[in-house]
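Dear colleague,

I am passing on the structure we spoke about, and below it you will find my notes on what the calculations turned up. Please read them with the coordinates open beside you.

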Amino acid sequence: MRLILNVIWLVLSGFWLAVGYVLAGIVCCVLVITIPWGLASFRIANYALWPFGRTVVDRPGSGTPSLIGNVIWILVAGIWLAIGHVVTGIALCVTIIGIPLGIANFKLVPVSLVPLGKEIVPAP
């Protein structure tokens, strides 16, 4: 079932989400000071391609630098990304076939809001 949902997700929205996050990651890596957010964008892009069967957990050992980076991220881009995922998730949940895709969009909200200090792992 995860494979089917991931393929549907990839075709309908995952590919374009991943492209957007990859482009943001490239821009962040070009602007040398924002490399941590660029790497986080690449992780989110990977997660956006294939979200079913994976989950986001806190990375052990991430401390104050991640907290400060996440506060800056929330103010600059995180809130807008989270709002976009919530609105898209609600729109997808309008149809029956879109409900799992909407839920996948809601799963992207926490990692798009505070990406530093997070890790994407296989779901149990």
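Helices and strands here are DSSP runs, a helix having at least four residues and a strand at least two, numbered from the N terminus. On that basis the protein has four helices and two strands, and reading along the sequence gives the pattern α-α-β-α-α-β. Please keep in mind throughout that this is a predicted model.

**Overall form**

The radius of gyration of the protein is 14 Å, and because a compact globule of 124 residues would have a value near 14 Å, the two agree. The C-alpha trace spans about 40 × 30 × 20 Å along its principal axes. Of the 124 residues, 35% count as buried. When contacts between residues at least 6 apart in sequence are considered, 72% of them join residues at least 24 apart. The accessible surface comes to about 7100 Å², and carbon and sulfur atoms account for 81% of that area.

**The salt bridge**

Side chains of opposite charge can pair when their charged atoms come close. In this model the count of salt bridges comes to one, and the pair concerned is Asp58 with Lys118, whose closest N and O atoms are 2.5 Å apart. The pair links distant parts of the chain, since Asp58 belongs to strand 1 (residues 54-58) and Lys118 to strand 2 (residues 118-122), with their positions 60 residues apart in the numbering. The side chains of Lys118 and Asp58 are also listed as making a polar contact, again at 2.5 Å.

Are the two partners buried or exposed? Asp58 has a relative accessible area of 55% and is therefore exposed, the threshold being over 50%. Lys118, by contrast, counts as buried because its relative accessibility is 18%, which falls under the 20% limit. Leaving out residues up to four places away in sequence, Lys118 touches Arg43, Val56, Val57, Asp58, Arg59 and Val111, so that its listed neighbours include Val56, Val57 and Asp58 of strand 1 (residues 54-58).

**A nonpolar patch on the surface**

A nonpolar surface patch of about 860 Å² is made by Val22, Leu23, Ile26, Val27, Val30, Leu31, Val32, Ile35, Leu39 and Phe42. Helix 1 (2-30) and helix 2 (35-49) each supply at least two of the patch residues, and the largest share, five residues, comes from helix 1. One member that you may wish to look at is Val22, which is found in helix 1 and is partly exposed, with a relative accessible area of 33%.

**A buried serine in helix 4**

Which residues surround Ser112, apart from its neighbours within four places in sequence? Ser112 lies in helix 4 (residues 99-113) and, with a relative accessibility of 0%, counts as buried. Setting those sequence neighbours aside, Ser112 is in contact with Tyr21, Ile44, Trp73, Gly78, Leu81, Ala82 and His85. Among these, Tyr21 falls within helix 1 (2-30) and Ile44 within helix 2 (35-49).

When you go through the model, the places I would open first are the pair Asp58 and Lys118, the nonpolar patch that includes Val22, and the surroundings of Ser112.

With best regards

Note on methods: Residues are numbered from 1 along each chain as its sequence is written. This is a predicted model: local features need pLDDT of at least 70, side-chain atom pairs count only at pLDDT 80 or more; totals for chains, interfaces and linings use all residues. Side-chain values use heavy atoms; hydrogens and water are left out. A salt bridge is a side-chain nitrogen of Lys or Arg within 4 Å of a carboxyl oxygen of Asp or Glu. Buried means under 20% relative accessible area, exposed over 50%, partly exposed in between (1.4 Å probe, protein chains only). The radius of gyration is taken over C-alpha atoms; the globule rule is 2.2 Å times the number of residues to the power 0.38. Contact means heavy atoms within 4.5 Å. Accessible areas come from the Shrake-Rupley method with a 1.4 Å probe; for residues, only the protein chains shown count as cover. Patches are made of residues with over 30% relative accessible area and no salt bridge: like charges are joined within 9 Å, nonpolar side chains (Val, Leu, Ile, Met, Phe, Trp, Tyr) within 5 Å. A polar contact is a pair of N or O atoms within 3.5 Å; within protein, one must be able to donate a hydrogen and the other to accept it, and residues adjacent in sequence count only if both atoms are side-chain atoms.
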